[in-house]
Amino acid sequence: MQTKNKDIKKDKIEKRKAERENKERNKQLDKRRTRVYDEMVAFQKRNAKKVKHAPKDAYISLRHINKIYDNKVQAVFDFNLDIKQHEFIVFVGPSGCGKSTTLRMIAGLEDITAGDLFIDQTYANDLHPKDRDIAMVFQSYALYPHMTVSGNMAFGLKIRKIPVLKVDKKGEPVLAINKKLIKKLNIQLRDLQKCIQHPAKDDDIDQINHDIEEIKGQIEYLEKTPVEVYQYRHMDKEQIAKRVKEAAKILQIEEYLDRKPKALSGGQCQRVALGRAIVRNAKVFLMDEPLSNLDAKLRVAMRSEIIKLHQSLKATTIYVTHDQTEAMTMASRIVVMNKGFIQQIGTPIEIYNHPANMFVATFIGSPAMNLFNVTYDNNTISFAKGAKITLTDDFAKAIKEFYQEEPKRLKEELDKLEEAFIEKKQYLNTIDSLKEKIDKATDNKEIQRLRSRLSQVQEELKYCEESNHRIQDIKTSLEELKKVDVTKPIDVVFGIRPEDIYQKGRVLTDEAISQEFNLTVSVAELLGHEYFVHSDFEGGELVSKIHAKTIVSSGDQLQLVFDISKMHIFDSITQKRIK
């Protein structure tokens with residue numbers, strides 16, 4: 001009984017200690033998050049005063065975009081992407097990865113904490129959503145229930161004003177000095193002159209001086225030269241009706257123009273939502289999971305409709321989804337995101353054939369890539385229960401290069417993170433100062449007080465370091481990578497997609513294949529023309545795609561071979577793809 005009570009008491013003490021340590025780590029994490037947020041806000045405030053130079057080869061450009069909410073939690077980290085005109089870009093990733101937040105920042109529905117957004121060579125950070133010339137389709141149809149289909153599609157055009165050239169009684173354009181633009185340029189000029197007087201260490205002084213001279217020239221020209229005057233007016237009813245009919249014809253909903261949303265199916269409602277975007281003739285189309293509310297059959301149909309629509313309108317489109325099938329079938333390029341970071345950018349075929357890491361490999365592709373922990377030695381991989389596959393010579397070269405270069409890449413990243421770790425530096429400075437004071441102190445009470453304070457600061461430093469998870473992960477990875485010796489057996493992860501596994505006698509590749517493996521079918525999922533076959537393989541589950549020419553049932557024996565050219569090797573430490 002006494003032993004049991006001691007164990008209970010010990011468990012309570014350990015639990016309280018763990019809770020206290022976790023509380024301290026969270027306190028340090030909140031402190032660092034607040035500092036990063038304040039620095040980003042201050043940087044953006046100063047950065048906004050400089051002249052922005054849009055990249056010439058990009059229609060939409062996101063440069064070092066970061067999003068931190070008011071609770072200091074960061075949702076998007078250093079997002080960089082250049083989008084060409086007419087591209088169809090798909091943001092894909094699990095829920096909470098930051099894809100919708102990024103889309104909303106492009107739309108102007110979320111503020112950008114730090115970074116620069118350009119749309120058609122125009123700096124868009126401070127532009128009101130209505131002035132960005134974008135059309136957005138939401139996950140929910142967001143149709144007005146009291147309006148007809150025609151009314152829903154026309155509503156945005158009715159309330160929107162467009163610039164119209166002002167003319168005199170003779171029909172000649174009215175010319176005047178553009179005082180508003182001159183005032184705006186003068187404010188910008190003053191801001192740049194302040195930057196020159198108090199430059200930051202990362203300021204390009206030559207560029208700022210060049211921008212000052214350029215703005216002075218623009219002001220001088222505008223003060224002497226009258227320009228055409230535009231006034232904002234509502235669009236003509238006839239023009240609105242024409243656009244609505246054209247969009248309805250494209251979407252094949254002409255017969256529903258007089259109906260209200262409650263009289264439409266889900267697919268028809270989604271077409272109306274698309275129509276409302278089409279009539280805008282916007283520069284950019286933004287779509288936030290527009291098909292997620294539809295059933296599987298309708299999603300397939302609407303996917304092809306959106307692809308056709310994009311091809312006919314040639315609009316620049318950014319599409320958000322968590323469905324990798326939508327990403328693979330629709331995108332010009334895919335941006336794979338996870339936990340606020342970009343994992344990989346590339347065409348569907350690039351990402352499918354050359355995933356950057358294990359997350360991308362398992363997220364893109366259906367069913368997901370098979371992964372197995374294996375041992376690599378002398379160009380041969382060995383599985384848990386003894387099965388072996390001999391690889392081609394290019395694998396050996398790739399593995400050697402990876403373990404030579406990866407520690408260098410991680411060390412560079414670690415040095416940058418350590419340099420930016422202000423809280424750690426502050427603690428180290430305080431520790432050095434306390435140690436100096438202890439060495440100089442002569443009073444025992446003062447020495448005891450200083451040592452107590454030193455112990456407290458050292459403990460806070462420990463929690464501070466532990467709160468920076470990325471630095472801790474890199475340090476752990478570097479320690480593990482030091483132990484890797486490519487001349488000896490090393491632990492890696494083997495990957496192969498289900499479609500790159502073939503039945504003996506039905507091999508659909510001219511590349512080298514592995515020896516055959518005799519496997520027992522545990523589950524056979526029939527999808528019409530093919531089976532998804534689940535088999536026990538070397539202590540794990542192997543999924544393969546088998547053509548449904550022959551019937552496959554649980555308990556059947558299959559002779560399977562692997563396409564060696566389609567095999568992947570990942571580092572088990574960093575989870576990055578080696579080959």
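I started with contact range: 71% of the chain's contacts with a separation of 6 or more come from residues 24 or more positions apart, a contact being heavy atoms within 4.5 Å. Note to self: this is a predicted model, where local features need pLDDT of at least 70, side-chain atom pairs count only at pLDDT 80 or more, and totals for chains, interfaces and linings use all residues. Numbering runs from 1 along each chain as its sequence is written, and side-chain values use heavy atoms, with hydrogens and water left out.

Next I pulled the chain totals. Of the 579 residues, 43% count as buried (under 20% relative accessible area, 1.4 Å probe, protein chains only). I get about 32,500 Å² of accessible surface, 50% of it on carbon and sulfur atoms. The C-alpha box along the principal axes is roughly 95 × 90 × 55 Å.

For secondary structure I have 15 helices and 24 strands (DSSP runs: H or I of at least four residues, E of at least two).

Then I looked at one helix pair. The axes of helix 13 (residues 422-440) and helix 14 (residues 444-467) come within 10 Å and cross at roughly 160 degrees. So helix 13 is roughly antiparallel to helix 14 (angles over 145 degrees). Helix 13 passes helix 14 in a left-handed crossing (the near helix is turned anticlockwise from the far one by less than a right angle).

I listed who meets whom: helix 13 residues including Tyr427, Leu428, Ile431 and Lys435 meet helix 14 residues including Leu450, Arg451, Leu454 and Glu465. By class, I noted eleven nonpolar, two polar and eight charged residues in that contact (Ala, Val, Leu, Ile, Met, Phe, Trp, Tyr, Cys and Pro are nonpolar; Asp, Glu, Lys and Arg charged; the others polar).

Terms used:
Axes fitted to C-alpha atoms, helices over the stretch in contact; angles between N-to-C directions. Parallel < 35°, antiparallel > 145°, perpendicular 65-115°, else oblique. Buried < 20%, exposed > 50% of the residue type's maximum accessible area, 1.4 Å probe, protein only. Areas by Shrake-Rupley, 256 points an atom, 1.4 Å probe, with all protein chains shown as cover.
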